[in-house]
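Trainee: I am new to this structure. Could you take me through a single part closely, and then connect it with its surroundings?

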Amino acid sequence: MRRALRSFVDEDVANRIVKRWFRARGRSEGDRYRAVPVPRQHASREFSELTMLASFAHVHLAKEGHAGQVGFNLLEKIQIPTLPSLYGAMLAGVDWVLMGAGIPRHIPGALDSLADHRPTALPLTVANASSEGRCTMSFDPTSLLAGGQPPLKRPEFAAIVSSHVLAAHLAREQDSRPSAFVVERHTAGGHNAPPRGRLQLSGRGEPIYGPRDEVDLERMRELAVPFWLAGGCGHPEKVREALQQGACGVQVGTAFALCEESGLRADLKQRARERVASSGLVVHTDTAASPTGYPFKVAQLEGTLSEAEIYASRQRRCDLRYLATPYERMDGTVGYRCPAEPVEDHLAKGGELADTVGRMCLCNGLTSAAGFAQVSKGGVVEPPLLTLGDDASAVVAQLSPDGRPYSAQDVIAYLLGADASGTVEAASLSADEG
């Protein structure tokens, strides 16, 4: 990270961040992470700089050592850090921006503006707002960096959608039309779009999806915008099927999540692979887990928040606040609440008791799964939360039938139908077209 920051365009800004946050001796076992500024509508300079530089460093490192393209994936639902995140990634030369979990219609225009270092604003969704559209998030690159910077490369934008109706809406207007779509089915890991119509649950308490939730790929082809398919696509036959249906390729998450190169904790990956090999890994689509209200895939794995005992023993806290919902207070100012925060805090902010039931702290749980667990004042380490797609067992069983580690290259070879020598079938090469 420090090596990446030495390449940042403004040495003073980078040095200030390193001086503030770097621990030369590392973080001792049991030490808490220093609290970072939390997202706010009117963000502090420190929050904007830290967010911008974090994005820059990750993209800069991802682009090292190859000539391939690098994409940057954001959630529309997490709105406040969006602009400094995009700007930092663009300073590092990011090639693609992908965004879902909402309607990202304003992102193409924001990319145009940020490429010229112009002040940029995005609408902020505020619950109970008395005047819709009144709240915005503003970001001025010139307030953080010296002027006179040359224009930045404007990355391509891919909107992640679960409906051809939404895709058509975004493609209709020039200012919201993306360069591409990722069509994500409800079998994908992480957040899923809720079923259309009245929510019905299966005997396992999972949402029931029907024909109305299927994307009409003929309609997608009519939009004349390149698209990729996601959700349950981690199989060679699904890659071929996607190409036959007019897709440029597929998006695969679960297979790569459990490979050796992924950023998940090694012990979680190993336990998940061993569970697949022994008895199969259950992934539950939980309608209550996410503070966003979207269904969320939770892998049922020992030692994680999926276990009732671990969930019940965790003391509620909301210290990262990325999924906090802005709401309008009685005096007209903007406050922030989260259904996963302490119940009494949520109620004091006007939240509903029913909204707190079964909620998990995704911010801390997913951060812990990536190996950066926060430690409470009492020395308790935040438990991890693992999310994978519905077909985790079927995919991983092909790549690791005995639970042993496998590589990202193994995943690519499997998906593209390579033989033992690594030669890919010629018919599969069209996955790279477009």
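Mentor: Take the second largest pocket. This is a predicted model, and in it that pocket has a volume of about 410 Å³. Its lining counts 27 residues. Nearest its centre lie K77, T125, A324, T325 and P326. By class, the lining of this pocket splits into 16 nonpolar, 6 polar and 5 charged residues.

Now turn to the enclosed spaces. How many cavities of 30 Å³ or more does the structure hold? There are 2. The largest cavity has a volume of about 100 Å³. It is lined by 14 residues, and E76, Q79, I107, L122 and P123 are the closest to its centre. That lining has 9 nonpolar, 3 polar and 2 charged residues.

The second largest cavity holds about 50 Å³ of space. A324 reappears here: it lines this cavity, and it is also among the residues nearest the centre of the second largest pocket. Next to A324 in the list of lining residues come R321, Y322 and L323. P291, R317 and C318 also line this cavity, as do C338, A340, C361, L362 and C363. In this lining 10 residues are nonpolar, none is polar and 2 are charged.

Next, the sheet. It is open and has 6 strands, in the order β1-β2-β5-β6-β7-β8. The pairing is parallel. Two strands sit at the edges: β1, residues 71-75, and β8, residues 249-251. Each of these pairs on one side only. From one strand to the next, the twist averages 25°.

Look at one pair in that sheet. Strand β2 covers residues 96-100, and strand β5 covers residues 156-161. They pair in the parallel sense over 4 bridges. Within this pair, L98 stands opposite A158 in β5. A helix packs on the sheet as well: α4, residues 82-91. Helix α4 touches β1 and β2. The direction of α4 makes about 180° with that of β1.

Two other helices deserve a look together. Two packed helices are described by the angle between their axes and the distance between the axes. Helix α2 spans residues 11-21, and helix α3 spans residues 45-62. Their axes come within 11 Å and cross at roughly 100°. Angles of 65 to 115 degrees count as roughly perpendicular, so α2 and α3 are roughly perpendicular to each other. On the α2 side, the contact is made by V13, A14, R16, I17, R20 and W21. On the α3 side, the contact is made by R45, E46, E49, L50, M52 and L53. The residues of this contact divide into 7 nonpolar, no polar and 5 charged.

Finish with one residue, I310. Where is I310 found? It is in helix α11, residues 308-313. I310 and P383 are 73 residues apart in sequence. In space, the two are 7.6 Å apart, C-alpha to C-alpha. Leave aside the neighbours of I310 within four places in sequence, and I310 is in contact with G303, T304, L305 and P383.

Terms used: Residues are numbered from 1 along each chain as its sequence is written. This is a predicted model: local features need pLDDT of at least 70, side-chain atom pairs count only at pLDDT 80 or more; totals for chains, interfaces and linings use all residues. Side-chain values use heavy atoms; hydrogens and water are left out. Two strands pair if DSSP finds at least two bridges between them. Axes are lines fitted to C-alpha atoms, for helices over the stretch in contact, and angles run from 0 to 180 degrees between N-to-C directions. Contact means heavy atoms within 4.5 Å. On a 1 Å grid over the protein atoms alone, a cavity is a set of points where a 1.4 Å probe fits but cannot get out, and a pocket is an open set with protein on both sides within 12 Å along at least five of seven lines; lining residues have an atom within 4 Å of a point. Grid points are joined across faces, edges and corners, and a volume is the space filled by probe spheres set on the points. Ala, Val, Leu, Ile, Met, Phe, Trp, Tyr, Cys and Pro count as nonpolar, Asp, Glu, Lys and Arg as charged, and the others, Gly among them, as polar. Angles under 35 degrees count as roughly parallel, over 145 as roughly antiparallel, 65 to 115 as roughly perpendicular and the rest as oblique.
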